[in-house]
Amino acid sequence: MLPWADHDDERFLHVHADCITVRGKRRSAIYDLTRGSILLIPTDYASLLEQMNGRRARDVVRMLEAASEEAGRNVVEFLEILWENEIV
């Protein structure tokens with residue numbers, strides 16, 4: 001579970017400044033310039049990441065709840081990967 005997945009959480013989600021999203025035709029990538037690593041992601045998730053960047057954590061949780069159950073699970077898994085890789 002994500003540490004900020006709480007309706008009362010006032011924190012904001014921010015992609016770290018040294019993590020750059022690069023869009024591709026079939027898939028995209030997040031380049032972590034500090035670690036020298038690349039995280040491949042679906043291109044649709046690159047758009048989602050841009051939409052979530054700078055939003056309150058609680059607003060993202062509400063957005064997930066409004067999505068279909070499967071879409072919500074997929075986004076939560078994506079966010080967990082971002083959290084584990086210290087992208088957000």
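Glu 50 is partly exposed, with a relative accessible area of 46%. In this predicted model, Glu 50 forms a salt bridge with Arg 23. The closest N and O atoms of the two residues are 3.1 Å apart. The pair links distant parts of the chain. Glu 50 belongs to helix H1, whereas Arg 23 sits in the loop between strand S1 (19-22) and strand S2 (27-32). The two residues are 27 residues apart. Arg 23 is also partly exposed, at a relative accessible area of 42%.

Arg 23 also takes part in the surroundings of Thr 43. Thr 43 is found in helix H1, which spans residues 43-52. Its relative accessibility is 18%. Thr 43 therefore counts as buried, since the limit for that class is under 20%. Leaving aside residues up to four places away in sequence, Thr 43 touches Arg 23, Gly 24, Lys 25, Arg 26, Arg 27 and Ser 28. Helix H1 thus contains both Thr 43 and the salt-bridge residue Glu 50.

The count of salt bridges comes to 3. Side chains of opposite charge can pair when their charged atoms come close. Besides the Glu 50 pair with Arg 23, Arg 35 forms a salt bridge with Asp 32. Here the closest N and O atoms are 2.9 Å apart. Asp 32 is buried, with a relative accessible area of 3%. Arg 35 counts as partly exposed, at 48% relative accessibility.

Glu 86 forms a salt bridge with Arg 35 as well. For this pair the closest N and O atoms are 1.9 Å apart. Glu 86 lies in the segment after helix H3 (69-84), and Arg 35 in the loop between S2 and strand S3 (37-42), so the pair ties together parts that are 51 residues apart in sequence. Glu 86 counts as partly exposed, at 42% relative accessibility. Through shared partners, salt bridges join Asp 32, Arg 35 and Glu 86 into one network. The network includes a buried residue, Asp 32, and two partly exposed ones, Arg 35 and Glu 86.

The surface also carries a nonpolar patch of about 530 Å². Ile 20, Val 22, Tyr 31, Leu 33, Ile 38 and Leu 40 make up this patch. S1 and S3 each supply at least two of the patch residues. Leu 33 is placed in the loop between S2 and S3. Leu 33 is exposed, with a relative accessible area of 57%. The loop between S2 and S3 therefore holds both Leu 33 and Arg 35 of the salt-bridge network.

These features belong to a protein chain with 3 helices and 3 strands. From the N terminus on, the elements run β-β-β-α-α-α. The chain has 88 residues, and 32% of them count as buried. Among contacts between residues at least 6 apart in sequence, 57% join residues at least 24 apart. The accessible surface comes to about 5700 Å². Carbon and sulfur atoms account for 50% of that surface.

Notes
Residues are numbered from 1 along each chain as its sequence is written. This is a predicted model: local features need pLDDT of at least 70, side-chain atom pairs count only at pLDDT 80 or more; totals for chains, interfaces and linings use all residues. Side-chain values use heavy atoms; hydrogens and water are left out. Helices (H or I, at least four residues) and strands (E, at least two) are DSSP runs, numbered from the N terminus. Buried means under 20% relative accessible area, exposed over 50%, partly exposed in between (1.4 Å probe, protein chains only). Contact means heavy atoms within 4.5 Å. Accessible areas come from the Shrake-Rupley method with a 1.4 Å probe; for residues, only the protein chains shown count as cover. A salt bridge is a side-chain nitrogen of Lys or Arg within 4 Å of a carboxyl oxygen of Asp or Glu. Patches are made of residues with over 30% relative accessible area and no salt bridge: like charges are joined within 9 Å, nonpolar side chains (Val, Leu, Ile, Met, Phe, Trp, Tyr) within 5 Å.
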